[in-house]
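Subject: Handing over the model

Hi,

Here is the structure I said I would pass on. Have a look at it first, then read my notes below.

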Amino acid sequence: MLRAPRLWSLLLVLGLGGMGCDSPELPPEPPPEPPGPVGNVDGPPLAYAVDRYDFTFDLTTREATTRLWLDVKGAREGCVSIPAPAEVTDVRWQGAPASSARAVDGKLEVCGRSLLEGPVWIDSRYVVPEATHLYTQVGLSRRPDLHGDVFTYLLGWVESCDYFGPCDDAPARLAYFTFDVTHAPGEVVLCPGTLSQPDATHTRCELLGTRAPTYSAFMVASHPGWKRTRLVDSDVARVDLYDSSRGLLGPALDAVAVEDFLRWMTDRFGPLPYGRELRVAGAPTEWLGMEHPANIVLRDNLPLLPKNYANMTLHTLMHEVVHQWAGNRTTLASARDYPWKEAVAEYLTYVYEDEHRSGEAAGTLAYWDRLARTSSYYLRPGDVPAPPFISFVNDVYGTGPMILLLQLESLLGRPRVLSALQTFLAEPGARSIEDLRTALEGASGVGLQRYFETWVDGAGEPDLPYFQVEWREEDALVLTVTQQTLAGRVYPCVVELELQGEALEQRQRVTVSYGLEPASATVHATVPLPPWPVRAVTVDPGNRLVNRRIPLFLREWPDSGFALGLKGPAEGDALDGDHLGQHPVRFRERR
């Protein structure tokens, strides 16, 4: 997902888990998965994994029926415990009333005896409230679009699929899904997987070929004004755009560019994970875009928003396309691993822009850098207590792609980074940030522990480096770069510098490397003299390094309140401010 350009707006992958009424033939035996939680009521607790969700939903009455198909480990009689709303009713075990069922601490604890051979299934009913959670659109919402038509969205997210019924909400769980949706005649409904419409008031989706995570697969979206138009029809994909006749997305999307990007992705990562059919819909969403298996929902006014990316609509669509592999087929090992998902989606979109969309990549890097310099948390925060999840994930859209991938281009090379991502995303399953490090080390043949310890892990506000540059002109230009941090840590990195003469056109870029195991905060580099005198040096002109743009704050904390001092630049320093020489200053209150 991609976040909207304001504090609480996020670009997310969201999902609804689902169940149905019949007892369809299950897909082949899946590979072993970690067991789900176990119960603590009458009867022995059963270890299980949810193999499949069947979800029926009435858009008018909000009534949902959920069927969970369980791969039960061991005994056929006992109890399972699964996250669920307290108001779940009519709980049944293999078609018969459960021996016992009760809500305890946000979970449904249900016991029964398996009288039939084959998989265990549990049915339940629930009326989904029309409500959203925290500062998001997660839940069930109805809102008018730009033209007054009402868009309905049943939307899950990380660790939240149990908003709609019993559901194992661990991000690492992968399962199959079916959706049966009842709706008014003329309503256009989308849901994950292969879509069919048995009649004018029913839509069915089946996600039975490739497993998906609950946080992105739980989704039902409907809109009475959607018109379907073919955007791409090729051997790579068939992309249909669902937008109103007066919608803005169609005119803003270059079909040739969309097809080319899909071909670029499939050449590197294989066919689209959920089939050739990809549905893209425009709607009044909180986030710029959201990926669901075989579906992408884009904010309908994307072309009107401030251009944080050079092409807001195309960039957002490409970002969500990447999530079909990175976030859907390959999912998160835990909620803490959220940064890698967004980092990969942003990074691969940037690489395509850099190689195929002249001039657009620079705007993407500038936006990442602005976001990264105001981050409040490390990518793997060690804060106690842990930061609120919604605040943490809102903070990774700049630091994630820059730290986990872009900065490593300068140290390892782009081909090795891309090779690592191909390995990382090659198979379905759950991956962690640590797994990404392992893939990068395997592709490059070098250790990255020091890099991850400094850039990725930490508590409190990130202690970003500031770079002081001095130079002297002899037979060559001698550069001395000193890295400063509050804690004295030295970050592995490559620093790009722009040498500037008196005339505007007198510019030359050079790089200075600290390497992956820096021994000192100061490095020296000798480069050929430019054909003009150097009058200033700008640090990180291409926005490729997360760093401070003003000298370090030297803080001395009083007993109460806050205070800070500012160390001025030494002679020869060049400060790279935001606009017109104004440098942003952030105050932090000591607590």
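Before anything else, a word on naming: helices and strands here are DSSP runs, numbered from the N terminus, with at least four residues (H or I) for a helix and at least two (E) for a strand. That helps when I say that glutamate 159 lies in the loop between β11 and β12. Also keep in mind that this is a predicted model.

The overall picture

The protein has 591 residues, and 58% of them count as buried. Its secondary structure comes to 11 helices and 33 strands. Among contacts with a separation of 6 or more, 71% are between residues 24 or more positions apart. The accessible surface is about 23,400 Å², and carbon and sulfur atoms hold 51% of that.

The cores

The largest nonpolar core has 124 residues, and the members that touch the most others are Trp340, Leu348, Leu404 and Leu497. If you want a place to start, try leucine 348: leaving out residues up to four places away in sequence, it touches Phe261, Trp264, Met265, Phe269, Val322, Leu418 and Leu421. Apart from this core lies another, of 43 residues, with Ala212, Ala217, Phe218 and Val220 among them.

One of the contacts of leucine 348, Val322, also belongs to helix α4, where it is buried. How many of the 11 residues of α4 (residues 312–322) are buried? The count is 11 of 11, so the helix is largely enclosed by the rest of the structure. The buried residues of α4 include polar names such as Thr313, His315, Thr316, His319 and Glu320.

The eight-stranded sheet

There is an open sheet of eight strands with mixed pairing, in the order β6-β5-β9-β3-β2-β12-β15-β14. Which strands stand at its edges? They are β6 (96–97) and β14 (194–199); each has a single partner strand, so one side of each is left without a neighbour in the sheet. Further in, β12 pairs with β15 (residues 202–213) in the antiparallel sense, over eight bridges. To find that pairing on screen, look for valine 181, whose bridge partner in β15 is threonine 203.

Strand β8 and its two partners

Strand β8 (residues 107–113) is mostly covered, with five of its seven residues buried. β4 (residues 77–83) pairs with β8 in the antiparallel sense over seven bridges, and β7 (residues 100–104) does so over five bridges. Lysine 107 is a handy marker in β8: it is the bridge partner of proline 83 and also of valine 104. β7 and β8 form a hairpin with two residues between them, and aspartate 105 in the turn has a positive phi of about 50 degrees.

Backbone oddities

Most residues other than glycine have a negative phi, and most peptide bonds are trans. Aspartate 105 has company as an exception. Glutamine 94, in the loop between β5 (89–93) and β6, has a positive phi of about 50 degrees. Glutamate 159 has a positive phi too, of about 60 degrees. Are these two buried or exposed, or something in between? Glutamine 94 has a relative accessible area of 8%, under the 20% limit, so it is buried. Glutamate 159 comes out at 44%, which falls between 20% and 50%, so it is partly exposed.

The peptide bond from valine 384 to proline 385 is cis, with omega near 0 degrees. Proline 385 lies in the loop between β23 (380–381) and α7 (389–393).

Back to the β11–β12 loop

Aspartate 168 lies in the loop between β11 (150–155) and β12 (174–182). Its relative accessible area is 4%, so it counts as buried. The side chain of aspartate 168 makes a polar contact of 2.7 Å with the side chain of arginine 173.

Aromatic rings

The count of aromatic pairs comes to 29. One of them joins phenylalanine 55 and phenylalanine 57, which are stacked at 6.0 Å centre to centre with 20 degrees between the planes. Both of these residues are buried. Ring pairs also link them into a cluster with Tyr53, Tyr163, Phe164, Phe177, Phe179 and Phe218. Phe218 is also among the residues of the 43-residue core.

Cheers

Notes: Residues numbered from 1 in each chain as written. Predicted model: local features only at pLDDT ≥ 70, side-chain atom pairs only at ≥ 80, totals over all residues. Heavy atoms only, no water. Core = buried A, V, L, I, M, F, W, Y, C linked by side-chain atoms within 4.5 Å. Buried < 20%, exposed > 50% of the residue type's maximum accessible area, 1.4 Å probe, protein only. Contact = heavy atoms within 4.5 Å. Areas by Shrake-Rupley, 256 points an atom, 1.4 Å probe, with all protein chains shown as cover. Polar contact = N/O pair within 3.5 Å; in protein donor to acceptor, adjacent residues only side chain to side chain. Pairing = 2+ DSSP bridges. Phe/Tyr/Trp six-rings, centres within 6.5 Å; stacked < 30°, edge-to-face > 60°.
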